[in-house]
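Reader: I'd like to learn how to read a structure like this one. Could you walk me through a few features?

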Amino acid sequence: MKKIFSTFVLVFLFLFALVACANRETEVTTTEHVHSFGQWSQLTPASCTEDGLEERTCACGERETQTISALNHNYSTDWTVDVQPDCTNPGSKSHHCLNDGCDSKIDETPIPELGHAYPDEWSIVNPATETQEGLKEKVCTRCGNRITETIPVIVKEEVDAEGALELVSAKIGIGGYEWGPAADMIMFEVDGTVKPADINADMFSSSTASVVDAFVCDENGIKVNTPSQYFAVKIAARANQRNPFTYANSVNNWTVNGRIAMQASLKSGSILKVDEGENIVKYASFTYSEQMPIANRVVPSTATFDKRTFTDENITLTYGSWGTQAMKEDEGQNPLIIWLHGAGEGGTDIDIALLGNDVTNLTEETVQAHFANGAYVLACQTPTMWMNNGTGAYTQDGYSMFTETLFKLIKHYCEEENTDVDLDRIYIGGCSNGGYMTVNMMIQHGTYFAAAYPVCEAYTDSWITNDQINVLKEYNIWFTHSADDTTVRPANYTVATYLRLVQAGAQNVYFSYFESVKGTDQPGNSYMGHYSWIYVLQDKCERVQNPAAATSSDIKASNANGGGTYNVMIDDEAQTIFGWMAAQKKGEKHGSAVLDETIPAESQGGGNGGSISTLTGEKTRLEVEEGELDPQAAENYVRTETNANASNGGGVGYFQQAGDSVTLTFNVTAAKQNAYIRFGVASASLNYQTYAINDMSLDAFKAAYTITLNGDVLTPDEGSLTGNNSFNFWNVQEIGARGNLQAGPNTIVITANGAGGCNWDYVDVYYGEVTVTPAQGGGSQGGGSQGGGQQQTGGDTLEPLTGAKQRLEVEEGELDPQAASNYVRTETNANASNGGGVGYFQQAGDSVTLTFTATAAKDNADIRFGVASASGSYPNISAMTVEQFNSCYTVTLNGRTITATEGSLPGNSNANYWNVHELAAKGNVQVGTNTIVITANGGGGCNWDYVDVFE
């Protein structure tokens, strides 16, 4: 019941609600909608000639539009150039409408063509000459149009001068050579110009030395191919002549207030033409003879270097850089060759460093041809020495105060000053002190460089740790040294370091090792062994040492073979040092050493003592006015002397003490270039006692005397110095030199440089062809003489032998001939019973032949010599050098010379007796019979106690 009641109530309420709503709807009233429009927006902009359209919109969506009136044109009062006129075409201008988007214009008006704008002056394309028309041109500055005109042939009257040629100025010219600098040129300035075709060497003569060239030059003395107000006469240079440097306190410098006598003149019949403007003046007379001040100089070879300084904190380095404009303008970057000088070239004048070692050779074609587009050159100079440890003293541990400043200078040049340098191809090298710094830079900053080329480097091997060796072995390095270097002995430097590197596994490290230093600027000239940079800068390092060398005995100096017997191969071609260098890149290795099969086996290895060659051939005396020049009788010369007594055994003079001299004057009817001057030298004693003439080196002879011809120093470089066996007397021996004779009086001056007693029997002068035959000697793979003479090893004391001594197996007993019966032996005057188990050698020619039989061949076997007492001409063993020992004896094994290269030679103070000391050489033992021959080369008394052969 309740459920029914509830349902009824709900229905009632629903009906009531419907009635109420119906009543309310009937009461609503409606109103009209009013539009509310927004801002006008542009549909089409109005232009100068067309109406535009804009609209606005109501919230209800209703839109309305209206027209925007046309703008009409607004022309500018300023002209606008529509077409620019040029030299040959008119232009146009008009007034343009200023309204945006309108390109309408009015009042179009032409602009006249401009016409060409030529300069007032003509430019000379080809100058006219006396035989050919020239050409001149003007170029329009606006369009580049050219107009040309011919220049008529120059017709100048050639006028003979009333007097001699007068100069505006003259300067001395300095040239660089393998031995250092020399005054070799006079540069003249005239009031006019000289044409290249009008001057040559044949027009001039000089009493200074022979004239080798004459040419037109610029203000720096550099040869040019256009007329110039400067010309130069170049004069032959020789070592130790006209040197503008003074070497003091171990440093080179320009001679303070120095003057050098220079002379040049026109030859009789020669004409020098000078264009003096309207006329060409022909001068037939000109002579210049002055003591020229060194300060008033030009140095053509260094004038092309850019010379600057670099300062880091309190250290300033000087440097010179070289490169051509073509390098800067080529498509790629170019490599850089860095040179670091030796101790003698420090200072603040880069010319000292460039000339001291002839570094300008790096700019010449010999070197530059190896680099496709050329290589830049950077020469750096320290104010003192690279090895300065900061106190002014030489470093004792490898530290240098200049290392970091130098590295910053190199980076500055390569990365800031010359960004054309290829940073992957930077090569660093230098000599002696600079060789030290090269090694030092590779130890400290080796990853910056592509390769290094240390020369006679002075970085003591004991300073280099094993860890540093393991770093260095990964770099590209080519060492150079000479065996006779007594300034930086190779055994303690290059040889030791090279051996450690190859034993550590270095794959691109090489070593050119020479016996001695010979010249090419002055052929045949010999230099002290320290000058091995000559070979490098002239690109003469052609071969290298065995890349698998295990001991110093595997290192064999060779002049004839260019430093070794192995070629450095790149792309199947043998390379010189700069050819190899050009192929190296940072972080890469290029090259492999291959034995040169073209070198005969008997020449591989071995030394060359540089004995003076034998002169043979026709000897035709020059025609002279005062008798034949064979002054056994001194009257053949007009002579003066100072303490040199011609009656004391010497036809020319007996030289007893330093300063003794003889001046010989003779007359010649005609000048002669390169005449042979022969000196006959006889007995010697006193200070010359350390030399029998057969082991007197050429350098020792040159040091004993200064010889000049007409003021030019003569350097003996040909002849023979083979002596006899008498210690107190030499038979007359002949040596030779070349010199230039002048017509008329000629003067030879001979001066002794040291105390001693030596006779000169004669001086003679020849011309004609003379054959120079080198003294021959058999080479040996075990270290024998390769070109004659004793082996030069720089005078090093022999190092003590260490290690096991395993004798070879032989059929006839142990090879320890304390008892001579262990050998089959023959002897000539060498008495085995007189204190020597092998033999007592008393005079030249004494010999012993020892024969033994081996069951197996052995290359590089140790041959040990036990040597005891000595007297006579043999020096005390404590002062005996390797080369002196080798010169005392010739020792052969199976016909090949073997040379002592290691062992011990510590002697006592008794010159008449030696305790037994052992030496050693390397030799090749063959299967079966082997023969050792020992021959004494000079008089004296020396026992050989034993000879032994070991593996």
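Reader: Let's begin with pairing. Which residue is the bridge partner of Met 569 in strand 35?

Author: When you look at a strand, ask who sits across from each residue. This is a predicted model, and in it Met 569 has Ser 592 of strand 35 as its bridge partner. That bridge belongs to a wider pairing: strand 33 and strand 35 (residues 592–595) run antiparallel, with four bridges between them.

Reader: Which strand holds the bridge partner of Val 568?

Author: Strand 34, where Gln 575 partners Val 568. Strand 33 pairs with strand 34 (residues 573–575) in the antiparallel sense too, over three bridges.

Reader: How many residues lie between strand 33 and strand 34 in their hairpin?

Author: Two residues. Check the backbone angles in a turn like this: Asp 571 has a positive phi of about 55°.

Reader: Is strand 33 largely enclosed or not, and why?

Author: Count its buried residues, meaning those under 20% relative accessible area. In strand 33 (residues 566–570), four of the five are buried, so the rest of the structure largely encloses this strand.

Reader: Now a helix. What span is expected for helix 6, and what does the model show?

Author: For a helix, compare the end-to-end reach with what the residue count predicts. Helix 6 covers residues 403–417, 15 residues in total, and spans 20 Å from first C-alpha to last, close to the expected 21 Å.

Reader: Which residues of helix 6 are buried, and what covers them?

Author: The buried ones include Leu 406, Phe 407, Leu 409, Ile 410 and Tyr 413. Their cover includes strand 23 (306–312), strand 27 (421–431) and helix 7 (433–445).

Reader: What about a single loop residue? Is Ser 400 buried or exposed?

Author: Loops can be checked residue by residue. Ser 400 lies in the loop between strand 26 and helix 6, and its relative accessible area is 3%, so it counts as buried. Next, look for polar partners: its side chain reaches the backbone oxygen of Trp 386 at 2.5 Å and the backbone nitrogen of Phe 402 at 3.1 Å. Beyond its neighbours within four places in sequence, Ser 400 also touches residues including Asn 388, Tyr 436 and Met 437.

Reader: And zooming out, how many helices and strands does the chain have?

Author: The tally is 13 helices and 58 strands. Of the chain's 951 residues, 50% are buried.

Terms used:
Residues numbered from 1 in each chain as written. Predicted model: local features only at pLDDT ≥ 70, side-chain atom pairs only at ≥ 80, totals over all residues. Heavy atoms only, no water. Buried < 20%, exposed > 50% of the residue type's maximum accessible area, 1.4 Å probe, protein only. Pairing = 2+ DSSP bridges. Expected span 1.5 Å × (residues − 1). Contact = heavy atoms within 4.5 Å. Polar contact = N/O pair within 3.5 Å; in protein donor to acceptor, adjacent residues only side chain to side chain.
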